[in-house]
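Good morning, and thank you for the time on today's agenda. I would ask you to bring the structure up on your screens before I begin.

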Amino acid sequence: MKEKRRMGESSLVILCVFMGILTGLAFTTPYKNLMQETYQHLIGESNSWLVAAVAQICYLLQNSDLQTSFLSIGTAGCYFFFLKKNMWQISKINCIFSGIFSIFMMIGKCLKDAGTISFISSNLKHFIFSLLFAAGYFCFFSMVLLSISIFYNKYRIKTNCLKNNTKDKHCFIFSFLCYFLFRIPYLFYFYPGVVTYDGFLQLDFYIGSIEWSNIHPVFSTVIMGIIFKIGTWIGGSDNAGIFFYSLFQSLVGAAVIAYSICLLKKWNIVWKWRMGILLYFSFFSIWQIYSITLIKDVLYYLAVLLWILYLMDIEITKVKFSFLHILGVVATSLLVCLLRNNGIYIVVPTLLSMVFFIKRNRKYLLESLIGVLGIYAVFHFIFLSVFGIQEGNIREALSVPFQQTARYVKEYPNDVTEKEKEIISKVLDYENLANLYNPDISDPVKSRRFNTTEEIKAYLIVWWKQLWRHPICYIESFLHGTYRYFYLNSLPYTSIGNYVMATNYSYVNRGDFDFYFLDNRVDGRKLIENFDSIQYKLPIINLLYRPACYTWLLILAVFFIFTNKNYRKLVFFIPALLCLLINMASPVNGSIRYSLPIMAITPFLICYALFDFHQQKEKLEERMNVQ
């Protein structure tokens with residue numbers, strides 16, 4: 001028996017070492033196609049493809065062999081620990097989600113390293129490599145998910161509905177002050193606030209220096225303009241107007257976050273979780289930067305957070321719907337719809353899903369949805385036309401096809417007919433299209449020209465025909481423009497903060513406004529910028545700056561929902577999924593600004609996935625009935 005056991009452990013060690021090597025290679029090998037000449041000295045006279053393949057890996061690893069070795073040893077040890085303890089019991093759910101994470105890593109690493117997925121598809125050798133690397137990822141993520149599941153089951157976090165939670169009696173005031181006090185240094189040293197291109201353009205719309213269009217939501221522009229004007233009237237300068245709006249955003253943000261923390265207390269979420277979420281919103285520099293920035297996205301993400309929490313509270317507390325609840329759903333939903341043009345595409349599918357899956361309040365939710373659609377239609381189709389506000393350019397919604405056409409022209413210039421050139425030239429700058437193409441941002445490709453409906457239709461027909469000629473080109477274009485939203489090892493395309501006082505673009509800066517930073521506070525501004533840069537570089541905290549991190553956290557939360565079979569909870573993940581899809585169709589790959597709604601709602605969705613609210617509420621009701 002001892003002999004057999006030793007034999008078994010020996011085999012286990014060999015298996016774990018092999019799995020560890022695969023994992024180490026998967027995480028550290030650059031996924032690039034190399035010309036054979038670059039590593040010819042490692043092949044010698046051999047013509048074997050296997051020798052060439054091993055030589056290529058050796059060449060790629062020449063600068064990361066130590067990192068690969070340590071990672072391989074570490075993961076091999078972890079694999080051995082799990083297998084030896086008989087805890088390697090992988091469920092189907094574990095396999096599915098490990099496969100999802102592995103695919104994200106494979107595709108994202110290919111695009112980051114080489115800008116193409118040809119490493120996977122170029123030849124049989126690379127395809128085999130890809131399968132081996134995918135196996136390494138799969139082993140690693142299976143172990144991670146299993147570890148998390150074991151920890152979760154062993155130390156399951158439960159709400160404590162049977163005790164009065166009195167640890168923070170003044171929850172709203174404490175949360176409000178904690179959030180706002182962290183903003184004071186930013187409000188002081190960056191007085192009057194940060195002005196971006198989009199915010200500047202909205203002020204131009206409001207005062208009428210540029211013909212008003214719905215490219216930026218009218219409701220947001222009106223709020224911004226009114227508060228700015230009130231500030232200039234009180235303070236007597238444009239600086240005072242910008243500061244007044246920055247202060248307004250900070251106060252509204254403090255109120256919404258304080259309300260959200262109070263809801264967590266109402267749901268009896270443990271005190272440590274509430275404090276963690278409060279510190280995330282108070283201390284994390286992204287929220288501080290944007291709270292003083294003149295831009296529509298701040299009020300929008302606060303509206304999305306308020307809306308989702310209100311809906312979650314109705315479901316968790318099982319309230320009996322009244323007219324006030326209908327008004328609450330309609331009001332919060334309209335805020336999301338009116339503060340960003342694509343908000344309607346998040347609100348309507350979510351409310352429809354709730355109508356189908358939450359039977360208890362189906363009638364009232366349907367009435368709320370009808371009210372939202374009715375008011376939004378009146379505002380969008382009647383109010384805007386009455387005041388002569390133009391619709392935004394349809395080109396803003398065509399970032400994905402424009403990028404695909406640009407990549408097609410760059411890679412297959414000889415496969416474009418003269419007729420297709422003529423049609424594309426009416427919509428895009430065909431002559432410079434290949435040079436303008438940047439896979440991470442579509443703004444260089446999109447010019448500000450306006451097109452007729454016929455020109456757009458003709459272009460889309462050409463786009464469709466070219467899709468069928470070279471579909472891989474289109475797929476690569478889409479993935480290359482979106483991988484920062486799902487590849488965890490990628491930083492955002494844009495910088496962590498835009499501390500620019502005013503844009504120099506003459507299109508928006510026409511001399512109508514006079515605002516500026518104060519010169520005597522430059523040292524404080526530099527100190528804050530350096531502090532934010534340190535946060536950006538710190539391990540673990542650095543992950544919070546990556547849009548893909550929140551995609552992974554949401555998927556992990558969904559993993560727990562499937563594990564616990566609480567499928568009805570998935571309804572509240574629909575807004576996050578729709579936000580992610582909208583971001584992937586946006587002009588920028590991995591934009592923090594576009595990801596703000598997802599970043600805001602993720603902590604609350606994780607809580608919702610982990611805690612069993614309904615079971616705890618039933619226990620509380622039973623105890624009250626007994627008493």
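I shall speak about internal cavities, then salt bridges, and finally one helix. Please keep in mind throughout that this is a predicted model.

Let me begin with the cavities. A search of the whole structure returns three cavities of 30 Å³ or more. The largest cavity has a volume of about 110 Å³. Its lining comprises 17 residues, and those lying nearest the centre are V400, Q403, G481, M584 and S586. Two elements, α19 (399-411) and α23 (471-480), give two or more residues to this lining. Which element gives the most to the lining of the largest cavity? That is α19, with four residues. As to chemical class, the lining of the largest cavity holds nine polar residues, seven nonpolar residues and one charged residue.

The second largest cavity has a volume of about 70 Å³. Among the residues that line the second largest cavity are N214, P217, V218, R340, Y376 and H380. Helices α16 (323-339) and α18 (362-386) each supply at least two residues of that lining, and α18 gives the most, with four. By class, the lining of the second largest cavity has seven nonpolar, three polar and one charged residues.

I turn now to the salt bridges. As a reminder, side chains of opposite charge can pair when their charged atoms come close. The search of the whole structure finds 13 salt bridges.

R340, which we have just met in the lining of the second largest cavity, pairs with D297 in a salt bridge at 2.6 Å, N to O. This pair links distant parts of the chain: R340 sits in the loop between α16 and α17 (344-357), D297 belongs to helix α15 (residues 297-317), and the two are 43 residues apart. Are these two residues buried or exposed? Both R340 and D297 are buried.

A second example joins R407 and E476, with the closest N and O atoms 3.5 Å apart. R407 lies in helix α19 and E476 in helix α23, so this salt bridge ties together parts that are 69 residues apart in sequence. These are the two helices I named for the lining of the largest cavity. R407 counts as buried because its relative accessibility is 4%, under the 20% cut-off. E476 has a relative accessible area of 7%, and is therefore buried as well.

Some salt bridges share partners, and in this way D198, K296, D297, R340 and R593 are joined into one network.

The third example pairs E315 with K318, the closest N and O atoms being 3.3 Å apart. Here E315 is buried, at a relative accessible area of 4%, whereas K318, at 23%, is partly exposed.

Finally, I come to helix α11. This helix covers residues 218-235, 18 residues in number, and reaches 25 Å from its first C-alpha to its last, close to the 26 Å expected at 1.5 Å a residue. The buried residues in α11 include V218, I223, M224, I227, F228 and G231. What do the buried residues of α11 pack against? Their partners are α10 (197-207), α12 (238-266), β2 (293-294), α15, α16 and α18. V218 also appears in the lining of the second largest cavity. After α11 comes G236, whose phi is positive, near 80 degrees.

That concludes my presentation, and I thank you for your attention.

Definitions and conventions:
Residues numbered from 1 in each chain as written. Heavy atoms only, no water. 1 Å grid on protein atoms, 1.4 Å probe; cavity = no way out; pocket = protein on both sides within 12 Å on 5 of 7 lines; lining within 4 Å. Points joined across faces, edges and corners; volume = space filled by probe spheres on them. Nonpolar A, V, L, I, M, F, W, Y, C, P; charged D, E, K, R; others polar. Salt bridge = Lys/Arg side-chain N within 4 Å of Asp/Glu carboxyl O. Buried < 20%, exposed > 50% of the residue type's maximum accessible area, 1.4 Å probe, protein only. Expected span 1.5 Å × (residues − 1). Contact = heavy atoms within 4.5 Å.
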